[in-house]
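Work through the exercises below with the sequence and the model open. Each task is followed by a solution in steps.

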Amino acid sequence: QVQLVESGGGLVQAGGSLRLSCAASGIIFNAYPMGWYRQAPGKQREVVAIISKDSTTKYADSVKGRFTISRDNTKNTVYLQMNSLKPEDTAVYYCKCLAFIYWGQGTQVTVSS
């Protein structure tokens, strides 16, 4: 069974930083691309960043230059380093293995102005 457990969210002031982690189990982690998504209140879930199995990365325009996705295949974990946070980054953040339909429970990120 695929399990994805996100952590690292919290409340931070604008301009601050957070590092999210997502621990995966039940999959051959190093075989698949992984992604971070977010959903703000009243909005659709959107992709934030994607990392391929060989660590090629892609970012949403809104986070380019501020967020960095990475993975540690020895720990079956994908990370999202978020710097220069803005109030509009406030959302529940989810990770996903792109080959499967499963989602984690998400982690709340709140950025105060």
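## Exercise 1: a charged network

The side chains of Arg66 and Asp89 meet in a salt bridge, 2.7 Å from N to O; a salt bridge here is a side-chain nitrogen of Lys or Arg within 4 Å of a carboxyl oxygen of Asp or Glu. This is a predicted model, in which local features need pLDDT of at least 70 and side-chain atom pairs count only at pLDDT 80 or more, while totals for chains, interfaces and linings use all residues. Residues are numbered from 1 along each chain as its sequence is written, and side-chain values use heavy atoms, with hydrogens and water left out.

Task: Place Arg66 and Asp89 in the chain, then state which residues the salt bridges that share partners join into one network.

Solution.

Step 1. Arg66 lies in the loop between strand 6 (57–59) and strand 7 (67–72), and Asp89 in the loop between strand 8 and strand 9, so this salt bridge ties together parts that are 23 residues apart in sequence. Strands are DSSP runs (E, at least two residues), numbered from the N terminus.

Step 2. Arg66 is buried at 11% relative accessible area, and Asp89 is buried at 1%. Buried means under 20% relative accessible area, exposed over 50%, and partly exposed in between (1.4 Å probe, protein chains only).

Step 3. Asp89 also forms a salt bridge with Arg38, at 2.9 Å from N to O. This pair links distant parts of the chain, 51 residues apart: Arg38 is in strand 4 (residues 34–39), and Asp89 is in the loop between strand 8 (77–82) and strand 9 (91–97).

Step 4. Arg38 in turn meets Glu46 in a salt bridge of 2.7 Å, N to O. Arg38 is buried, with 7% relative accessibility, whereas Glu46 is partly exposed at 38%.

Step 5. Through shared partners, the salt bridges join Arg38, Glu46, Arg66 and Asp89 into one network. The structure holds four salt bridges.

## Exercise 2: two side chains with polar partners

Task: Which polar contact joins the side chain of Ser17 to another side chain, and which backbone nitrogen does the side chain of Thr107 reach?

Solution.

Step 1. Ser17 is found in the loop between strand 2 (10–13) and strand 3 (18–25). Ser17 is partly exposed, with a relative accessibility of 39%.

Step 2. Leaving aside neighbours within four places in sequence, Ser17 is in contact (heavy atoms within 4.5 Å) with residues including Val12, Gln81, Met82 and Asn83.

Step 3. With Asn83, the side chain of Ser17 makes a side-chain polar contact of 2.9 Å. A polar contact is a pair of N or O atoms within 3.5 Å; within protein, one must be able to donate a hydrogen and the other to accept it, and residues adjacent in sequence count only if both atoms are side-chain atoms.

Step 4. Thr107 is found in strand 10 and is buried, with a relative accessible area of 10%. The Thr107 side chain reaches the backbone nitrogen of Gly9 at 3.1 Å.

Step 5. Not counting residues up to four places away in sequence, Thr107 touches Glu6, Ser7, Gly8, Gly9, Leu20, Ala91, Val92 and Tyr93.

## Exercise 3: strand order and pairing

Task: In what order do the six strands of the open sheet run, and which strands stand at the edges?

Solution.

Step 1. The order is 2-10-9-4-5-6, with mixed pairing. Two strands pair if DSSP finds at least two bridges between them.

Step 2. Strand 2 and strand 6 stand at the edges; each has a single partner strand, so one side of each is left without a neighbour in the sheet.

Step 3. Strand 4 and strand 9 pair in the antiparallel sense over six bridges. Gln39 stands opposite Val92 in strand 9.

Step 4. Further antiparallel pairs can be listed. Strand 1 (residues 3–7) pairs with strand 3 over five bridges, and Ser7 stands opposite Ser21 in strand 3. Strand 3 pairs with strand 8 over six bridges, where Thr77 in strand 8 is the bridge partner of Ala23.

How values were computed. Helix = DSSP H or I, 4+ residues; strand = E, 2+ residues; numbered from the N terminus.
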